[in-house]
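Thanks for coming. I will go through one structure this morning, so please have the sequence and the model open.

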Amino acid sequence: MGLITWVLMASPTVAMQALRGSIERWQLIPMSMLGAISVIGFWLVVTLVLGRVYCSTVCPVGTLQDAVSMVSRIIRPKRVYRYRPGHPWPVRAAMLSLLIMAVCFGSLAVSWSVMPFLQISPYDSYAAIVDSLAAPAARTAAGPEQIPVAVRITISAAVNLVFLVWMAAVRGREVCNTLCPVGAALGTLNTLALLHIDIDTDRCTHCRRCEDVCKAMCLESDTGRVDLTRCVVCFDCLAVCDDDAIHYTTRRHRLSLPMLQSLRPAAPEARACCTENMTSTSKQ
């Protein structure tokens, strides 16, 4: 996020414009709008292997929310997150529909300026915040130069920034998993990812430290469940687990203790046999 912010705020020289173009070439939605199949395929493969690393590393809006969450925890050390049930499939379907319509009809800029809180393109949303708010403020502070400002875009960027900061401070990564079509698309693929977060329920002591730091609120330590549609692979849970019960692995853990495993219902013949034996035993 720091590199992206520096490039966006820098003077529009040829070198900076070239660097900005290089950064944009790795962003999923801008390249989707241009029909760059290679970039789309690259992120699909990366997500299927490593999970939602796009949301945790490349997306500037995601990094901004992580930074706000970190500051909010410093201000309120006792601030904890708790598992929340995932959103139903119609919500994700609606977000994906918005993304498809934006890509097909090129309505990205219009839709963002009307509803800035919908992160149809997280990179463009963040770029608008920097271009419309941070960059003009920095240049005005550096000199008396008058900078033309588009009022509608500036208001949209300000609303978007306030909304993102407020949501990140209160609900962590809720924007990524509710209002971002990119998060909905990559979250669906994340359920098929080769590498993913897994809880070893035989080691877990249910201390809930992982839940306390999970900004996506996708960990349920009581049941050992990880909602992979919302996990952004931030590894915060691994860092706080003292039981070595959480791993970034290819396996899908199952209980190894037979006494803790759920049993299949017995066949009708077996139940009848058991009933006869119990009856004969009671008569004796």
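Is C234 buried, partly exposed or exposed? C234 has a relative accessibility of 27%, and that counts as partly exposed. Before I go on, note that this is a predicted model.

Let me stay with the cysteines. How many disulfides are there? The count is zero. C234 is in none, and the nearest cysteine sulfur, in C237, lies 6.2 Å away. What about C214? Its closest cysteine sulfur belongs to C218, at 3.6 Å, which is too far for a bond. The cut-off here is 2.5 Å between the two sulfur atoms. C214 is buried, at 9% relative accessible area.

Next, the loop between β3 and α14. β3 covers residues 225-226 and α14 covers 236-240, with V233 in the loop between them. V233 is not a glycine, yet its phi is positive, about 55 degrees. F235 sits in that loop between β3 and α14 too, and its phi, near 70 degrees, is also positive in a residue other than glycine. As background, most residues other than glycine have a negative phi. V233 is buried, with a relative accessible area of 6%, whereas F235 is partly exposed at 33%.

Now the interior. In soluble globular proteins, nonpolar side chains tend to be buried together. The largest nonpolar core here has 26 residues, and the members touching the most others are L28, W43, Y54, L164, V182 and L186. Helices that each supply at least two residues to this core include α3, α4, α9 and α12. Which helix gives the largest share? That is α10, with four residues. There is also a second, separate core of 16 residues. V233, from the loop I just described, is one of its members, and I197, L228 and C237 are others.

On the outside, V45, L48, V49, L50, L192 and L194 make a nonpolar surface patch of about 500 Å². V49 is in helix α4, residues 37-50, and is partly exposed at 34% relative accessibility.

Then helix α6. This helix has 16 residues and reaches 23 Å from first C-alpha to last, close to the expected 22 Å. Its buried residues include P60, V61, L64, D66 and V68.

D66 brings me to the salt bridges. The structure holds twelve of them. In one, the side chains of D66 and K215 meet, at 3.9 Å from N to O. D66 is in helix α6 and K215 is in the loop between α13 and β2, so the pair ties together parts 149 residues apart in sequence. Both D66 and K215 are buried. These two also belong to a network of salt bridges with R173 and D236.

Last, D200. Which residues does D200 pair with? One is R203, with the closest N and O atoms 3.6 Å apart. Another is R251, where the closest N and O atoms are again 3.6 Å apart. The D200 and R251 pair links distant parts of the chain, 51 residues apart: D200 is in the loop between β1 and α13, and R251 in the loop between β4 and α15. D200 is buried, at 7% relative accessibility. R203 is partly exposed at 44%, and R251 is partly exposed at 33%.

That is the tour.

Technical notes: Residues are numbered from 1 along each chain as its sequence is written. This is a predicted model: local features need pLDDT of at least 70, side-chain atom pairs count only at pLDDT 80 or more; totals for chains, interfaces and linings use all residues. Side-chain values use heavy atoms; hydrogens and water are left out. Buried means under 20% relative accessible area, exposed over 50%, partly exposed in between (1.4 Å probe, protein chains only). Patches are made of residues with over 30% relative accessible area and no salt bridge: like charges are joined within 9 Å, nonpolar side chains (Val, Leu, Ile, Met, Phe, Trp, Tyr) within 5 Å. Accessible areas come from the Shrake-Rupley method with a 1.4 Å probe; for residues, only the protein chains shown count as cover. A salt bridge is a side-chain nitrogen of Lys or Arg within 4 Å of a carboxyl oxygen of Asp or Glu. A nonpolar core is a set of buried Ala, Val, Leu, Ile, Met, Phe, Trp, Tyr and Cys residues joined through side-chain atoms within 4.5 Å. The expected span of a helix is 1.5 Å times one less than its number of residues.
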